[in-house]
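The following exercises are intended for a reader who has the sequence and the three-dimensional model at hand. Please attempt each task before reading its solution.

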Amino acid sequence: MPTASVRSLCKQGLLKQALHNLQLMDKGNICPDSYTYACLLQGCVNIKTMPEGKLVHAHIILTGIEIDLYLGNQLVTTYAKCGRLADAHRVLDKLNRRNEVSWTAMIAAYAKHGYGIEAFRLFSQMQLTGTPPDNFTFTTVLSACAKMGSLQQGKEIHASTIASGFQYDVCVGSSLVDVYVKCGSIEDARRVFDKMPERNVVSWTSMIAGYAMAGPIDDALSLFQEMPERNVVSWTAMVVAYAKNARLDEAWKLFREMPERNVISWNAMVAGYAQNGLLDEALKLFERMPERNVVSWNAMIAGYEQNGHFAEAVKLFKQMLLTGLKPDPDTFASVLPACAQLAILVLGKEAHEDIIRSGFQPDAFVGSALIDMYAKCGSIEDARKMFDKIPRLDVVSWTAMIVGYAMHGVGEEAILLFEKMRFFGMKPNNVTFIGVLSACCHAGLVDDGWQYFHSMNRDYGITPTLEHYCCMVDLLGRAGQLDEAQIFIEKMPFKPNVGIWVSLLAACRVYTNMKLGEHAAQNLIELDPTNSAHYVLLSNIYAAAGRWEDMEKVRKMMEDRRVRKVTGCSWIEVNNKVYPFFVGERLCPETDKVYAEW
């Protein structure tokens, strides 16, 4: 029979031949049944091809066949699994009958693609229709809550599992443990775990991973030792637990004892070394890996970036691209700050081009990192172009641009952007206010600075931190209001740090306030006695006032304390290579040519 032939071809993965036979059936006026259409749709799902799926759907509509529950569910599943969520939802809405399979297919698609709120909303709608969820529905919507980190919604679904009698299902129980762990409620996770009549390796591993993230690690070890059976994921979870707690010897011992290892296990050990600053050990292990994925490279790149080895981070990123691996947002989250810290625009632009070539469309997260990179590399124009291209701006994007303007001394632009941000209803955070207050410093807007400082707590419930107080001291000092700055420091709810006294001392030097400058310098030297910059600032104040004896005392104090002045350094970039120059040194091969020009 023609229908049997179509079904057989679909099961063999021969979709093109099956569709050809469908055309032959048209010519013979043979109408496929719903099961044949469902087989064709499943064939489209298997190879993730939506054009053919739409063709089959159109054929169903043209033939006028009744879309029964089975075929309707297959249509929803086809669109959902091929990533066409809007089309899948439209099909779901048009179905005359729906069951738990219909709803769960759509909920699973939303959860998989990161639309947790839509998944939860659809689950609630499903309950209102009286359709009872099954265990797969619960595990699916719980996975969405775990990804969102939504504890409240997780608890609501937990209550639904109890009402439906699924709380003791091993898969549902494991998902509940996972939700509570990822939402940071380790006690609730343990209560669910302890009440489970049956546990599988997923339940045990989720609980161990929870203790790995939140501690205590001894509880993780106790559970690991109690496990009736372990798999590679369980072993890896325990390795991660040790690594996160900087117990790397024990992590390494466990890693070596693993009966089998996969790329995730290797990644866990590499990341453990890298995160704890043991970059040589991390690199040795990285080079020994039998296979590497993007997470492996990310672990090393992030390790270099977080430990201040920015050039090595960029170099490794370039090596990763040569392997053909496609970077992900985590890759860019490490390499862009590294480019920013190096302040080499050409490297930053190359990284941006790599993002474009990889096919990745910068979202607010990566877009914000690009804004920060361009600003720190000196191109505020490119930073603004990137800001304007982000389709959905979040508070981080706005803040990155505001801070960038402040960094470049364009205070008025920063404040205009801040007001625009507030106009659009975006709530600023504490970092946003650091940018705004810094902008006020550069623009000399003392009254505006006071207004924004008081607005933090009054309008947004943000308690100013020491950094905000430091910005205010800097603002008052730059404006020459040194007495006000001193009173402000005395009334601070914090003990002044180095940043506060540096700002005050610098202002005292500009406005030649000897008495207050000495007071600031004494506090600085007491807090940070090995930093030569503090002694030099005080020495310069004395020199400007002609107090040569006091200046000599400061220099003598430096000698007695063996404080050496940090050698000045500058660098230039020529043909994509950075050349550093230190004061007085002649080690650079190009030094003679440079001096010859002068």
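The exercises below concern a predicted model, and each is followed by a worked solution.

**Exercise 1. Overall composition**

Task: Determine how many helices and strands the protein has, and what share of its residues is buried.

Solution. Step 1: the secondary structure amounts to 35 helices and two strands. Step 2: the protein has 598 residues, of which 47% are buried. Step 3: the exposed surface comes to about 30800 Å², and carbon and sulfur atoms supply 53% of it. Step 4: among contacts with a separation of 6 or more, 57% join residues 24 or more positions apart.

**Exercise 2. The largest nonpolar core**

Task: Identify the residues that touch the most other members of the largest nonpolar core, and list the contacts of Met238 beyond four places in sequence.

Solution. Step 1: the largest nonpolar core holds 177 residues. Step 2: within this core, Met106, Met238, Leu336 and Leu504 touch the most other members. Step 3: once neighbours within four places in sequence are set aside, Met238 contacts Ile208, Ile217, Ala220, Leu221, Phe224 and Leu254. Step 4: as general background, nonpolar side chains in soluble globular proteins tend to be buried together.

**Exercise 3. Cysteines**

Task: Establish how many disulfides the structure contains, and examine the surroundings of Cys377.

Solution. Step 1: a search of the whole structure returns zero disulfides. Step 2: for Cys377, the nearest cysteine sulfur belongs to Cys339 and is 6.7 Å away. Step 3: a disulfide requires sulfur atoms within 2.5 Å, and Cys377 is in no disulfide. Step 4: Cys377 is buried, because its relative accessible area is 12% and the limit for burial is under 20%. Step 5: Cys508 is likewise classed as buried, at 0% relative accessibility.

**Exercise 4. Aromatic pairs between helices**

Task: Classify the ring pairs Phe387–Trp398 and Phe418–Phe433, and state which helices each pair ties together.

Solution. Step 1: the count of aromatic pairs is 21. Step 2: the ring centres of Phe387 and Trp398 are 5.3 Å apart and their planes stand at 75°, so this pair is edge-to-face; the angle that decides the class is over 60 degrees. Step 3: Phe387 belongs to helix 24 (residues 380-389) and Trp398 to helix 25 (residues 395-407), so the pair ties together parts eleven residues apart in sequence. Step 4: Phe387 is buried at a relative accessible area of 3%, and Trp398 is buried at 5%.

Step 5: in the pair formed by Phe418 and Phe433, the centres are 5.5 Å apart and the planes are at 65°, so this pair is edge-to-face. Step 6: Phe418 lies in helix 26 (residues 411-423), whereas Phe433 lies in helix 27 (residues 430-443), so the pair ties together parts that are 15 residues apart in sequence. Step 7: Phe418 is buried at 0% relative accessibility, and Phe433 is buried with a relative accessible area of 0%. Step 8: elsewhere, Trp450, Phe453, Tyr469, Phe488 and Phe494 make up one aromatic cluster.

**Exercise 5. A charge over rings**

Task: Find the rings over which Arg230 sits.

Solution. Step 1: Arg230 lies over the face of Phe224, at 4.2 Å from the ring centre. Step 2: the charged end of Arg230 also sits over the ring of Trp235, 5.6 Å from its centre. Step 3: Phe224 has a further role in this picture, as one of the contacts of Met238.

**Exercise 6. Positive phi in loops**

Task: Locate Ala246 and Thr512, and state whether each is buried, partly exposed or exposed.

Solution. Step 1: most residues other than glycine have a negative phi. Step 2: Ala246 has a positive phi, near 60°, and Thr512 has a positive phi of about 45°. Step 3: Ala246 occupies the loop between helix 15 (232-244) and helix 16 (248-257), and is partly exposed with a relative accessible area of 48%. Step 4: Thr512 occupies the loop between helix 31 (498-510) and helix 32 (514-527), and is exposed at 59%.

**Exercise 7. Serines in helices**

Task: Describe the setting of Ser296 and of Ser539.

Solution. Step 1: Ser296 lies in helix 19 (residues 294-306) and is buried, with a relative accessible area of 1%. Step 2: beyond four places in sequence, Ser296 touches Val263, Asn267, Phe286 and Met289. Step 3: Ser539 is found in helix 33 (residues 532-544) and is buried at 4%. Step 4: with the same sequence exclusion, Ser539 contacts Met551, Val554 and Arg555.

How values were computed:
Residues numbered from 1 in each chain as written. Predicted model: local features only at pLDDT ≥ 70, side-chain atom pairs only at ≥ 80, totals over all residues. Heavy atoms only, no water. Core = buried A, V, L, I, M, F, W, Y, C linked by side-chain atoms within 4.5 Å. Buried < 20%, exposed > 50% of the residue type's maximum accessible area, 1.4 Å probe, protein only. Contact = heavy atoms within 4.5 Å. Phe/Tyr/Trp six-rings, centres within 6.5 Å; stacked < 30°, edge-to-face > 60°. Helix = DSSP H or I, 4+ residues; strand = E, 2+ residues; numbered from the N terminus. Lys NZ or Arg CZ within 6 Å of the ring centre and 35° of its normal. Areas by Shrake-Rupley, 256 points an atom, 1.4 Å probe, with all protein chains shown as cover.
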